[in-house]
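Student: I would like a close look at one part of this model. Please set it in its surroundings, and give the reasoning where there is some.

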Amino acid sequence: MNLLELQKKLIAAARVNVPSERVPYAFEKRVMAFLTSRAVADHWALWARGLWRAAVSCVAAALLCGAWAFFNSTSNANADDLSQNFENTLLAAVDQNDQAQ
Amino acid sequence: MERTEAELIAAVLKGDAASFEPFVQKYSPRVFATARRYARRESEVEDIAQEVWLKAFDKLKSFRGEAPFEHWLMRLTVRTCYDFLRGHQRNRELSFSDLSDPENDWLERFVAAPETASENVDAAKLLIERVMEKLSPPARLVITLLEIEDRSVKEIAEVTGWSVPLVKVRAFRARAEMRKILAKIEKDKYL
């Protein structure tokens, strides 16, 4: 068998066989619907990404405040304690009654 | 008044997705015809076409307008088809026993009288489809573009993104690969 000739014949057969340009029914509509729905989904993705960024910023701010409060309270251990002052003020009337008795 | 392609592209890039529809309507026939050269099943052809349009929409920013939109789209289509071929590499062994009766008959006629065996018959078309399916993805792509679509080496280099020497090397290897497949059929048939 002449393989080179066979190859030529088969390629000629493929050239004759031009593929169809037929587009399935409503293909354009399906593609456009998919693209549009994806665009809507993208808006939600954008919103979710924004929320995550905000959450990370909030956690970072909370950690900074926590760290500041912790180190501030340990460095000023002998200074007036706000919670103690608050408690004294609130219970001042009770203390006075106790002392009067 | 109808908007030009450049105006439609500008509108799509500004966020008006609906302006993309005229492109899908106008160029889908060519995209489908190209996809049918690489995939046989209609479901696969439709998947390729859909993938092409999604990529075109996503990559529209990279279209610089220096060449016609159609050229850019066809380049994208060919590359998507190539990705499809690489992702769907089937069993590449073809033996004589796989051939149908009409294909065998056509081969018999060819062996008896090569010049009288017509290429314009279904059996020959089926046989070449079968042989093409057994080629490696680069070989199939280069045979399709160079031999069947009759494109130049330079054009193929532009469409595929390969260098000109690489196209030439792959074309040489592809022809050899095809002859090897045909030789195997011959061997199965006569030995």
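Tutor: Read from the N terminus, the elements of chain A run α-α-α-α. That is four helices and zero strands. The model is predicted, so confidence comes next. Chain A averages a pLDDT of 84. In this chain, 88% of the residues score at least 70. Within chain A, confidence is highest in helix α1 (residues 3-16), at a mean of 88. It is lowest in helix α4 (residues 92-100), at 79.

How much of chain A is buried? Of its 101 residues, 8% count as buried.

One loop residue of chain A deserves a look. A:Ala26 sits in the loop between α1 and α2 of chain A. Its phi is positive, about 60 degrees, although A:Ala26 is not a glycine. Is A:Ala26 buried or exposed? A:Ala26 has 10 other C-beta atoms within 10 Å, so it is exposed. The cut-off for that class is 12 or fewer.

Now the contact with chain B. How many residues does each chain give? Chain A contributes 28 residues and chain B contributes 34 residues. On the chain A side, α1 and α2 (27-75) each supply at least two residues. The largest share of that side comes from α1(A), with 12 residues. By class, the chain A side divides into 17 nonpolar, five polar and six charged residues.

Chain B is next. Its secondary structure comes to nine helices and zero strands. From the N terminus on, the order is α-α-α-α-α-α-α-α-α. The C-alpha trace of chain B spans about 65 × 35 × 30 Å along its principal axes. Chain B has 191 residues, and 31% of them count as buried. What about contacts that link distant parts of the sequence? Take the contacts in chain B between residues at least 6 apart in sequence. Of these, 60% join residues at least 24 apart.

The domain assignment splits chain B into domain 1 (1-88) and domain 2 (91-191). The centres of the two domains, taken over C-alpha atoms, are 28 Å apart. Their contact takes seven residues from domain 1 and seven residues from domain 2. Which element gives the largest share of the domain 1 side? Helix α4 (residues 69-87) of chain B does, with five residues. The domain 1 side that touches domain 2 has three nonpolar, no polar and four charged residues.

Here is the close-up: helix α3 (42-58) of chain B. Start with its length. α3(B) has 17 residues, and at 1.5 Å a residue these should span 24 Å. The end C-alpha atoms are 24 Å apart, so the model agrees with the expected span.

Which residues of α3(B) are buried? They are B:Val45, B:Ile48, B:Ala49, B:Val52, B:Trp53 and B:Ala56. They cover an arc of only 130 degrees around the axis, which puts them on the same side of α3(B). The general rule behind such a pattern is simple. An α-helix has 3.6 residues a turn, so residues three or four places apart point the same way. What lies on the other side of α3(B)? There, B:Ser43 and B:Asp58 are exposed. The helix thus has one side that holds its buried residues and another side where B:Ser43 and B:Asp58 are exposed.

Step back to the loop before this helix. B:Arg40 is found there, between α2 (21-38) and α3 (42-58) of chain B. Is B:Arg40 buried or exposed? With 12 other C-beta atoms within 10 Å, B:Arg40 is exposed. The class takes in counts of 12 or fewer. B:Leu73 gives a distance to check. B:Arg40 and B:Leu73 are 33 residues apart along the chain, and their C-alpha atoms are separated by 21 Å.

One more loop, further along chain B. B:Asp150 lies between α7 (137-148) and α8 (153-160). B:Asp150 is a residue other than glycine, and its phi is positive, near 60 degrees. It is exposed, because 9 other C-beta atoms lie within 10 Å.

Key
Residues numbered from 1 in each chain as written. Chains lettered and ligands numbered in written order. Predicted model: local features only at pLDDT ≥ 70, side-chain atom pairs only at ≥ 80, totals over all residues. pLDDT = per-residue confidence, 0-100. Buried ≥ 20, exposed ≤ 12 C-beta atoms within 10 Å, placed from the backbone. Contact = placed C-beta atoms within 7 Å. Nonpolar A, V, L, I, M, F, W, Y, C, P; charged D, E, K, R; others polar. Expected span 1.5 Å × (residues − 1). Arc of directions from axis to C-beta. Domains from an automatic or database assignment.
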